[in-house]
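Visitor: Please show me the protein we are to discuss today. I should like to ask about its sheet and its core.

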Amino acid sequence: MSTHLAQTKPKMAFFKNLPREAPPPSFAAITALSVTLLFFFLTFSSRAPPTLPPVIFNPQLVISFYDSSGIPALSAPQSDPLDATENGEDGIQEKRNGDVQSCVDLFDGMWVLDDSLPSYLPGSCPFIDAAFDCHANGRRDANYTKLRWQPKGCTLPRMDGKTMLEFLRGKRLAFVGDSLNRNMWESLVCMLRNSLTNKSTVFEASGRREFKAESFYSFIFTEYNCSIEFFRSPFLVQQWEIQDSSGRNRETLRLDKVDNSSEKYRDADIIVFNSGHWWTHEKTSKGLNYYQEGDKVHPQMSSGEAYRKALTTWARWIDANIDPDRTQVVFRGYSWTHYSGGQWNSGGSCDGEIQPITDERHLAHYPALISILDSILLEMKTPVLYLNITRMTDYRKDGHPSVYRYPEKERKQNVVQDCSHWCLPGVPDSWNELLYAMLLQRLGSEIRSVQSE
C-alpha cells in the first residue's frame with residue numbers, strides 16, 4: 001500500500017465504526033457529524049503525496065549550495081545521517097569511523113553537501129600539478145570541492161590521515177596507470193600530508209615538483225617510513241616499436257607483454273591499477289596496424305577485443321607474480337569525461353558547469369570497456385578490490401579543470417579544455433575516501449589495531 005493510500009485509512013475507519021442500525025439521529029448529532037466529516041475532508045484532501053528522494057542523487061542536499069538565482073525554492077533538506085551525532089569529540093569520532101562493515105555497495109549512493117570539505121584547502125598543497133590546480137588558475141567557485149559521496153544505507157568513514165599513515169608505516173602504496181591515476185595519487189598525497197604537523201617531512205624522492213615528464217615518482221613520508229608512488233602505464237601492457245618494410249620505426253602495442261615497470265612495483269604492499277582513457281583515443285579506436293602479439297601486427301582489431309587481450313595479459317601476470325598474502329591489488333574503474341560539442345581535440349567544452357547532474361536519466365550508458373573489465377576480474381584467482389567509480393563520476397560534470405587547466409594570463413581564446421581530469425581538491429578525494437573504506441572492509445582488523453594503539 002502506498003504512503004498516500006495509507007493516509008486515507010482514518011476516513012475508512014471512521015465509516016466502519018459507525019453503527020449499522022441506529023435510531024434516527026438528532027439535529028445536534030447531524031451537525032456534529034457534518035463538522036467532523038468536513039474536518040477530515042479538509043485535512044486529507046489538501047495533503048499532497050510525500051515527495052520521495054531520487055534513488056541516486058538528492059538535490060535537496062546540494063542545490064542550496066549553489067547560486068540560487070533562477071532556481072525554485074526547495075524545502076529544508078533532510079538531515080544528513082553523518083550529522084546525527086553530537087558536535088563534541090565523540091560525535092566527530094563517530095563521523096570519522098562510520099559503519100563501513102554495514103555497506104552492501106559503496107558505489108550506490110548520492111553526492112551530498114558537506115561544509116567540512118575540502119580535506120585540504122585550495123592552495124595549501126604544493127604537490128598538485130598546475131593543470132589540476134583550478135583555484136590557482138583562477139576558478140573562484142568552490143562548489144565542486146564541497147560535495148561528498150554518501151552510499152545508501154551506511155555511513156562512509158572519513159579518512160583519518162594519521163591512522164592511514166600508521167597503517168602504511170614501513171609500506172609501499174603504488175598507483176599504476178594513466179594520468180587519471182596520477183590525479184588520484186596527488187590527491188592522496190595531499191590528504192595524508194594535511195594530517196601532519198610537520199609537513200616538511202613529506203617530499204618527492206627525486207625533488208621534483210612537476211609530475212608529467214617521467215614514468216615514475218615517489219613521495220616519501222619520513223615519519224612513517226612509507227612511500228606513495230606513481231608508475232605511468234596507461235595501457236598496463238607494453239608500448240612497442242617495430243621497423244616497417246621501409247626501415248622506419250612504427251609504434252605498436254604489445255597485447256601479450258605487461259609493461260616493463262611491473263618488476264618495480266610487484267612487491268608493493270598495495271597497488272592501485274587503472275586503464276581506460278587511452279583505449280578511446282584515435283589510434284586505439286581505429287586499431288589499424290597497431291596491435292601486436294608476438295611478431296604479428298594485426299592489420300585491424302577493435303579496441304574492445306584489444307582491451308580484453310591486454311587485461312587478460314595483465315590478469316595472468318597478477319595471478320602468476322603477486323602474492324595476495326603480501327600485496328592487496330585494487331583496480332579503479334573508468335572515470336567519465338564530460339565534453340560538450342566535441343571531444344578534447346575537436347572543440348569540446350565543459351567550462352561554466354558549476355552544478356553536477358541531478359537527474360539520473362541524463363547519465364550515460366555503462367561503457368562497454370568496463371563490462372570487459374568486470375568479466376576479467378571475475379575470472380582472476382587473486383582477490384582484487386574493484387573501485388567502481390564510473391557511475392559516481394558521471395554526475396560530476398562540474399568538477400573538471402575545463403579552461404582552468406591554464407593560468408588566466410596564459411589562457412587563449414578557444415583554448416583546448418580539459419573535461420577528463422579533475423580539479424584538486426575535488427572528485428578524486430572521494431575516490432581515496434572510498435579506497436580507505438574498502439581497505440577497512442578488507443583489512444579491518446589490521447587497521448583497527450592501528451587505531452587502538
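**Strands, helices and cores**

Visitor: Which residue in β11 is the bridge partner of Q292?
Guide: This is a predicted model. Strand β10 covers residues 291-293 and pairs with β11 in the antiparallel sense, over two bridges. Q292 has its bridge partner in β11, and that partner is V297.

Visitor: Which strands stand at the edges of the sheet?
Guide: The sheet is open, and its four strands follow the order β7-β8-β10-β11 with mixed pairing. A strand with a single partner has one side left without a neighbour in the sheet, so the edges are held by β7 (237-243) and β11 (296-297).

Visitor: At about what angle does helix α9 run to β8?
Guide: Helix α9, residues 303-321, lies across β7, β8 and β10. Relative to β8 (249-258), the helix runs at about 50 degrees.

Visitor: Which helix gives the most to the largest nonpolar core?
Guide: This core has 62 residues, among which F221 and I228 touch the most other members. F221 touches several residues beyond four places away in sequence, including L165, V189, L192 and I228. The greatest contribution from a helix, ten residues, comes from α12 (427-452).

Visitor: How many residues does the second core include?
Guide: The second core is separate, and F231, F235, W317 and L373 are among its members. Its number of residues is 38.

Visitor: What percentage of the residues score a pLDDT of at least 70?
Guide: Over residues 1-23 pLDDT stays under 50, and it also stays under 50 over residues 38-96. The protein averages a pLDDT of 81, and the share of residues scoring at least 70 is 75%.

Technical notes: Residues are numbered from 1 along each chain as its sequence is written. This is a predicted model: local features need pLDDT of at least 70, side-chain atom pairs count only at pLDDT 80 or more; totals for chains, interfaces and linings use all residues. Side-chain values use heavy atoms; hydrogens and water are left out. Two strands pair if DSSP finds at least two bridges between them. Contact means heavy atoms within 4.5 Å. Axes are lines fitted to C-alpha atoms, for helices over the stretch in contact, and angles run from 0 to 180 degrees between N-to-C directions. A nonpolar core is a set of buried Ala, Val, Leu, Ile, Met, Phe, Trp, Tyr and Cys residues joined through side-chain atoms within 4.5 Å. Buried means under 20% relative accessible area, exposed over 50%, partly exposed in between (1.4 Å probe, protein chains only). pLDDT is the predictor's confidence in each residue, from 0 to 100.
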